[in-house]
2 protein chains.
Amino acid sequence: MKELWKARQALVEHALEEELAKTDVLDAQLRASMTYSLMAGGKRLRPILLMAAADAVGEDGTRFLPAACALEMIHTYSLIHDDLPAMDNDDYRRGKLTNHKVYGDGIAILAGDALLTLAFSVILRQQDVSSDALLRVVEEVSCAAGAEGMVGGQVLDIRAENRTISMEELRRIHMGKTGALFRAALRSGAILAGATEEQLTALTSYADHFGLAFQITDDILDVVGSAEDLGKPIGSDEKNHKSTYVTLTSLAEAQALARNAADEATAVLDVFGAQASFLRDLAAYIVNRKQ
Amino acid sequence: MKELWKARQALVEHALEEELAKTDVLDAQLRASMTYSLMAGGKRLRPILLMAAADAVGEDGTRFLPAACALEMIHTYSLIHDDLPAMDNDDYRRGKLTNHKVYGDGIAILAGDALLTLAFSVILRQQDVSSDALLRVVEEVSCAAGAEGMVGGQVLDIRAENRTISMEELRRIHMGKTGALFRAALRSGAILAGATEEQLTALTSYADHFGLAFQITDDILDVVGSAEDLGKPIGSDEKNHKSTYVTLTSLAEAQALARNAADEATAVLDVFGAQASFLRDLAAYIVNRKQ
């Protein structure tokens, strides 16, 4: 699984560079700022999930690299804006200075805006799919990224700072903040590959369980992970007085919840054959990762 | 002309409220912040232009209110981000406190992000047009709003501060910062109405001349306008050491340039009949406006 991931990560890196190169960015510093964050590495998890969903349906996922890149652009823009002084005020991300520390707050905001907007242009660069499928992907992505999804979750998160929240509130925050984009990734891959309704439902359910497993593991790593592996300091949730799956339960219980979510993600894949083996392995991997 | 404008402005206000109401915003304060800026009045010029382009082609422009609303959402998000302390640092807009002065910088950034993203969802709510026309509108809007257009122009503008620029540079800044979205408005209206290539070319040309006339008049009003009419202090370009059409030429020459651009905008409408009379009147009006 790790080899396939690495191979596809390399494809994504190359495709992201290509999509940027195709774009007539009016200002060189804006291009530099967009490139700085977009090409800063990372797991490329959302593109990988989009392609894996298409694989599961029986298509070659790599056919859908443009749509996959669009999701990574949206993820990257959200990180640039989240790191701003007006939000989390982080100086480092993946061991590198954050965008606004290098380019200033104004350019960082605009580079984020530009990446979000470019994502929609890049979806439309997707070749050899029907217009209706493309429109459905635009819809999935715009709903997932905005007030109903990622941005909404980010606001809920800001407003939950410095108070203890319920498990249900925490779930709502993460369903928006990270869950919605995972869902859009898997559903978009499925739609582009021509999934049946049953397959689409299964992959949506996988996305939700996977997202939960991913998030709980994130909370666990912030307690027991290594700053070196993570590329950022640990203990930030405690420092910021954030409620997490660990603080609301216990480390042991959070670990059990994460394993459980990963098992459920795997279980809903029963409607697929061997073509979903990557997604199965990914669910197991995501709770055992170190970064 | 003014009566039709007012009637359509009212339709836009109503449609904007409806589109917001249809959206499941996850957080009440986020909704309040989005609503505050979106419903703060304004000329609604981009929606009006989109509908007028469709009229010119022989359709009823009011059929395309969702697409028209999408352009206003993008315009509004750009104002929210432009007003931030990290950019122009403005406290007032249209006589009201700016978004970040009311909701704080973090929520203001996210409300802008949410409006930009929502615009793409709202385009897809447009009924009774072909999938291909919708995709073309998504493409027009995403290219116009991003690094190749509005955001690119905004970065050029920031980087031109405190130095004298050439007329050609000033033109490039405005073609991006305001021209691109005018172009997207007119082209989207034309595309939705099923324009011929000749009609599309004429309306694109109208957009560019109109945008120039609009921008030069903006620069003139910042010198000779009234703060009361404009809802913002005058003299801000001088205060911010900005190059404008007035500083690079003279007041009289800028006025002549604006009239000239308006005349050219009118001239390219010759391929249309009486259905383009609103656009003709609009070009004349835009250089004589007080706000």
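# A tour of a two-chain model

Start by selecting Ser78(B), which sits in helix H4 of chain B. Before you go on, keep in mind that this is a predicted model. Is Ser78(B) buried or exposed? Ser78(B) counts as buried because 23 other C-beta atoms lie within 10 Å, and 20 or more is enough for that label. Now add Glu197(B) to the selection: Ser78(B) and Glu197(B) are 119 residues apart in sequence, and their C-alpha atoms are 30 Å apart in space.

**Stop two: helix H2 of chain B**

Stay in chain B and pick residues 28–38, which make up helix H2. Color Leu30(B), Arg31(B), Ser33(B), Met34(B), Ser37(B) and Leu38(B), the buried residues here. Now turn the view until you look down the axis of H2(B): the buried residues fall within an arc of 165 degrees, so they line one face of the helix. A bit of background helps with this view: an α-helix has 3.6 residues a turn, so residues three or four places apart point the same way.

What covers those residues of H2(B)? Show helix H1 (2–21), helix H4 (65–83), helix H5 (99–103) and helix H6 (105–124) of chain B, and then helix H8 (150–159) of chain A, since the cover includes pieces from both chains.

For a look at H2 in the other chain, click Thr35(A), which is in helix H2 of chain A. Thr35(A) is partly exposed, with 16 other C-beta atoms within 10 Å. From Thr35(A) to Gly176(A) you travel 141 residues along the chain, and the C-alpha atoms of the two are separated by 26 Å.

**Stop three: where the chains meet**

Show both chains together. How many residues does each chain bring to the contact? Chain A brings 46 residues and chain B brings 46 residues. On the chain A side, helix H2 (28–38), H6, helix H7 (131–145) and H8 each supply at least two residues. H6(A) gives the most to that side, with 13 residues. Color the chain A side by residue type and you get 25 nonpolar, 13 polar and 8 charged residues.

Now zoom in on H6(A) itself, residues 105–124. Of its 20 residues, 19 are buried, so to speak mostly covered. Try the distance tool on its end C-alpha atoms: they are 30 Å apart, which agrees with the 28 Å that 20 residues should span at 1.5 Å a residue.

**Stop four: the symmetry**

Zoom out again. A rotation of 180 degrees, with 0.0 Å of shift along its axis, lays chain A over chain B with an RMSD of 0.0 Å. The two copies are therefore related as by a two-fold rotation axis. To find that axis, select Ser131(A): its C-alpha is the nearest to the axis in chain A, 3.0 Å away. Both copies use the same surface, as 100% of the contact residues of chain A recur in chain B.

**Stop five: the core**

The largest nonpolar core has 202 residues. Which of them touch the most other members? Select Leu50(A), Ala119(A), Ile123(A), Ala213(A), Ala119(B), Ile123(B) and Ala213(B). Then pick Ala119(B) alone: leaving out residues up to four places away in sequence, Ala119(B) touches Ala70(B), Met73(B), Ile74(B) and Val141(B).

Next, go to Phe182(B) in helix H9 of chain B, residues 167–192. Phe182(B) is buried, with 26 other C-beta atoms within 10 Å. Not counting residues up to four places away in sequence, its contacts are Arg46(B), Leu49(B), Ala207(B), Phe210(B) and Gly211(B).

**Stop six: helix H14 of chain A**

Select residues 251–267 of chain A. H14(A) has 17 residues and reaches 24 Å from first C-alpha to last, close to the 24 Å expected. Its buried residues are Ala254(A), Leu257(A), Ala258(A), Ala261(A), Ala262(A), Ala265(A) and Thr266(A). The cover over them includes helix H10 (197–224), helix H13 (245–248) and helix H15 (277–288) of chain A.

**Last stop: two loops**

Most residues other than glycine have a negative phi. Asn89(A) has a positive phi of about 55 degrees, and you will find Asn89(A) in the loop between helix H4 (65–82) and strand E1 (92–93) of chain A. Asn89(A) is exposed, with 12 other C-beta atoms within 10 Å. Finish at Asn162(A), where phi is positive too, near 65 degrees. Asn162(A) lies in the loop between H8 and helix H9 (167–192) of chain A, and with 9 other C-beta atoms within 10 Å, Asn162(A) is exposed.

Definitions and conventions. Residues numbered from 1 in each chain as written. Chains lettered and ligands numbered in written order. Predicted model: local features only at pLDDT ≥ 70, side-chain atom pairs only at ≥ 80, totals over all residues. Helix = DSSP H or I, 4+ residues; strand = E, 2+ residues; numbered from the N terminus. Expected span 1.5 Å × (residues − 1). Arc of directions from axis to C-beta. Contact = placed C-beta atoms within 7 Å. Core = buried A, V, L, I, M, F, W, Y, C linked by C-beta atoms within 7 Å. Nonpolar A, V, L, I, M, F, W, Y, C, P; charged D, E, K, R; others polar. Least-squares fit on C-alpha atoms with pLDDT ≥ 70 in both.
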